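Visitor: Could you take me on a close look at a single part of this structure and how it connects to what lies around it? I would enjoy one long, connected answer.

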Amino acid sequence: MESTILAEMPITKTNKKLNVIQNSIEHIDSPVLKIDDLSVSYGGDKYSIRNVSAGIARNKITAIMGPSGCGKSTLLRAVNRMHELYPNTHNKGAVYLGDENIYKLNPIQLRRKIGMVFQRPNPFPTMSIYDNVIAGFNLNGIKLKRPEKDEIVERSLREVGLWDEVKDALHNRGTFLSGGQQQRLCIARALAYTPEIILLDEPTSALDPIATAKIEDLLVKLKKDFTIVLVTHNMSQAARISDYSMFMYLGELVEYGKTKQMFTMPKDNRTEEYLTGKIG
Amino acid sequence: MNISTEISDRNIKRRLLKDKIFTYGMISFAFLSSIPLFLILYELILKGYKQININFLFEVAPDTMDAMIAVSNHEIIPGGIANGIVGTLIIVGLASIIAIPLGIICGTYLSENAEDRFAGIVRFIVDMLQGVPSIVLGVIGYIWIVKPVTGGFSALAGSIALSIMMLPSIVRSTEETLKMIPISLKEAALSLGVPYHRVMLKVVIPTGISGILTGVMLGISRIAGETAPLMLTALGSTAIQTNITQPTSAIPLLVWEFYNDPNLVSMIWSASLLLLILILCLNLGAKAIAKKWKVQY
């Protein structure tokens with residue numbers, strides 16, 4: 001019951017504060033994904049994110065920033081329901097993909113529409129590069145003819161700029177690649193399904209600067225075909241590649257707007273303090 | 001100043017000496033514990049090699065009269081242990097078919113639901129099962145299968161007794177192996193929309209296959225040499241028996257039979273040698289698999 005009290009807190013205080021919060025959240029026209037008053041808890045009444053509402057713009061890169069523990073990964077995982085891997089999770093509110101509430105969908109179908117890339121590159125160690133790219137089909141028992149498979153593998157690897165590097169070693173294990181190559185392989189694996197949205201959870205935090213730059217270039221290139229949502233605790237990365245930025249603090253979406261504007265003229269004090277290194 | 005230096009010098013010398021004694025002590029004890037295997041091999045080869053030839057592998061155990069004549073003529077005993085070899089393959093094979101899927105699925109459940117109360121109970125029971133004396137499993141096989149199901153001693157009864165015996169090692173090795181696999185692999189598969197059962201069967205278990213197979217091989221090598229449970233279940237047979245509802249022989253059972261027949265005593269060494277070689281090969285195979293199929297993640 002504490003949670004409802006938390007939700008009502010801004011209203012019982014002053015209306016002025018409520019206005020500030022609403023103004024600092026940018027409205028997105030015809031969003032591909034609409035997060036509607038979402039709160040997520042990993043058990044009990046303690047919510048890791050509270051009352052988050054935001055639209056995600058189609059074919060743009062949206063970055064979620066914030067200090068560790070602010071709930072940015074939870075928000076990302078709530079979008080394809082990966083947070084449900086932990087027992088006792090529950091949530092309030094909704095997330096709409098098109099007209100459908102994703103919490104009414106089957107998570108298996110949902111995850112085929114919203115792909116994900118993780119912090120550490122995680123290619124399947126038992127599979128070759130080729131099988132890793134096509135894993136989404138093979139593991140789901142979708143039978144494809146050889147030429148179809150070949151085409152998907154080549155297209156996906158070309159999209160991530162890995163084709164020329166690995167085309168002669170397609171049947172070697174994916175784990176023999178360098179960290180950056182592995183991460184691009186994981187992106188190719190997520191792309192092979194042609195999902196609508198790709199979620200990336202700090203995709204470059206385990207990589208060196210050169211590999212990071214390649215991934216960033218890749219993401220900018222990919223946004224013409226996909227909508228990208230990216231969690232990062234690297235502010236300059238968000239500034240370099242994202243179109244929209246969210247700033248989260250203590251489970252709350254503090255500010256959401258165009259990246260350029262947020263970095264030059266933040267509306268909320270806390271955003272400014274974070275960007276200038278006073279909190280976080 | 002001088003005195004204290006002298007004392008500490010003496011102390012240091014004494015300490016270094018103690019260190020040396022301890023180090024050499026460790027080496028000699030390590031050496032001592034590896035001696036028994038070599039003594040056993042030496043003894044078995046010395047006394048058993050004469051009997052081992054092609055016939056030994058392809059003929060059934062001789063009857064006591066033939067053996068007596070051969071011994072009195074100072075010839076090698078005719079016949080072999082083919083009935084035991086075939087019996088062991090059938091009984092151990094059947095036990096594996098029962099225990100391997102059961103053990104792997106059970107171990108997977110335990111690693112996936114480590115904190116679960118029911119998993120805790122299952123884990124405890126499996127650990128207790130490991131300590132059940134093998135003769136008791138023989139009695140159980142006798143009561144459950146020999147009397148009500150096959151109506152007499154049978155390979156099936158022996159297999160079931162042995163499958164219970166190998167179950168704990170498969171369950172625990174599967175659980176320990178799968179626990180080590182990073183959760184990021186499971187996440188990768190789930191994020192591709194793969195249903196949970198396929199994630200486990202096609203990604204997680206294949207990734208841990210080397211550890212699981214090592215446990216399986218060690219389980220097999222453990223039951224391949226078991227005698228006590230088979231005495232009460234499979235009993236033994238003088239002919240090659242492929243019907244699993246009939247009494248069947250096994251290599252360790254033959255060793256016991258040879259021991260009880262004064263004319264066949266020299267067959268003990270050869271049969272034991274073969275059994276030991278078989279089990280050593282299984283162990284070496286387990287090590288090779290663990291090394292070769294190890295997946296890097």
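Guide: Let's start with β1(A), which pairs with strand β4 (residues 90-97) of chain A in the antiparallel sense, over seven bridges. Keep in mind throughout that this is a predicted model. One pair to pick out on screen is Leu33(A), whose bridge partner in β4(A) is Leu97(A). Leu33(A) also stands opposite Ile56(A) in β2(A).

That brings us to the pairing of β1(A) with β2(A). Strand β1 covers residues 33-41 of chain A and strand β2 covers residues 47-56 of chain A; they run antiparallel to each other and share six bridges. Lys34(A), for instance, has Gly55(A) as its bridge partner in β2(A). The two strands make a hairpin with five residues between them, and there Gly43(A) adopts a positive phi near 135°.

Now put these pairings together. In chain A, four strands build an open, antiparallel sheet, and their order is β2-β1-β4-β5. The edges belong to β2 and β5 (100-101) of chain A; each has a single partner strand, so one side of each has no neighbour in the sheet. Helix α3(A) packs on this sheet, where it touches β1 and β2 of chain A, and its direction makes about 120° with that of β1(A).

Follow that helix and you come to another sheet. Here six strands of chain A form an open sheet with mixed pairing, in the order β6-β7-β8-β3-β9-β10. Its edge strands are β6 (114-117) and β10 (252-258) of chain A, and because each has a single partner strand, one side of each is left without a neighbour in the sheet. On average, neighbouring strands of this sheet are turned by 15° against each other, direction ignored.

Within the six-strand order, take β3 and β9 of chain A as an example. Strand β3 (residues 61-65) and strand β9 (residues 244-249) of chain A run parallel and are joined by four bridges. Met65(A) has Phe247(A) as its bridge partner in β9(A).

Helix α3 (residues 72-79) of chain A packs on this sheet, with contacts to β3, β6, β7 (197-201), β8 (227-231) and β9 of chain A; the helix direction makes about 150° with that of β7(A). Helix α10 (residues 209-222) of chain A packs on the sheet as well, touching β3, β7 and β8 of chain A, and its direction makes about 145° with that of β8(A).

Helix α3 also leads us out of chain A. The side chain of Arg77(A) meets that of Glu187(B) in a salt bridge, at 2.9 Å from N to O. Arg77(A) lies in helix α3 of chain A and Glu187(B) in helix α8 of chain B, so this pair joins two chains. Over all chains the count comes to 23 salt bridges, while across the interface of chain B and chain A the rule finds one.

What surrounds that salt bridge? In all, 19 residues of chain B are in contact with 24 residues of chain A. About 1900 Å² is buried between chain B and chain A, and carbon and sulfur atoms give 67% of that area. Glu187(B) appears again here: together with Ser191(B) and Leu192(B), it supplies 33% of the area that chain B buries against chain A, more than any other three residues.

Five residue pairs are in polar contact between chain B and chain A, counting those with both residues at pLDDT 80 or more. On the side of chain B that touches chain A, the elements giving two or more residues are α8 (183-191) and α9 (196-207) of chain B. Of these, α8(B) gives the most, with seven residues. By type, the residues of this side of chain B divide into eleven nonpolar, five polar and three charged.

Note on methods: Residues numbered from 1 in each chain as written. Chains lettered and ligands numbered in written order. Predicted model: local features only at pLDDT ≥ 70, side-chain atom pairs only at ≥ 80, totals over all residues. Heavy atoms only, no water. Pairing = 2+ DSSP bridges. Axes fitted to C-alpha atoms, helices over the stretch in contact; angles between N-to-C directions. Contact = heavy atoms within 4.5 Å. Buried area = accessible area lost by both parts, 1.4 Å probe. Salt bridge = Lys/Arg side-chain N within 4 Å of Asp/Glu carboxyl O. Polar contact = N/O pair within 3.5 Å; in protein donor to acceptor, adjacent residues only side chain to side chain. Nonpolar A, V, L, I, M, F, W, Y, C, P; charged D, E, K, R; others polar.
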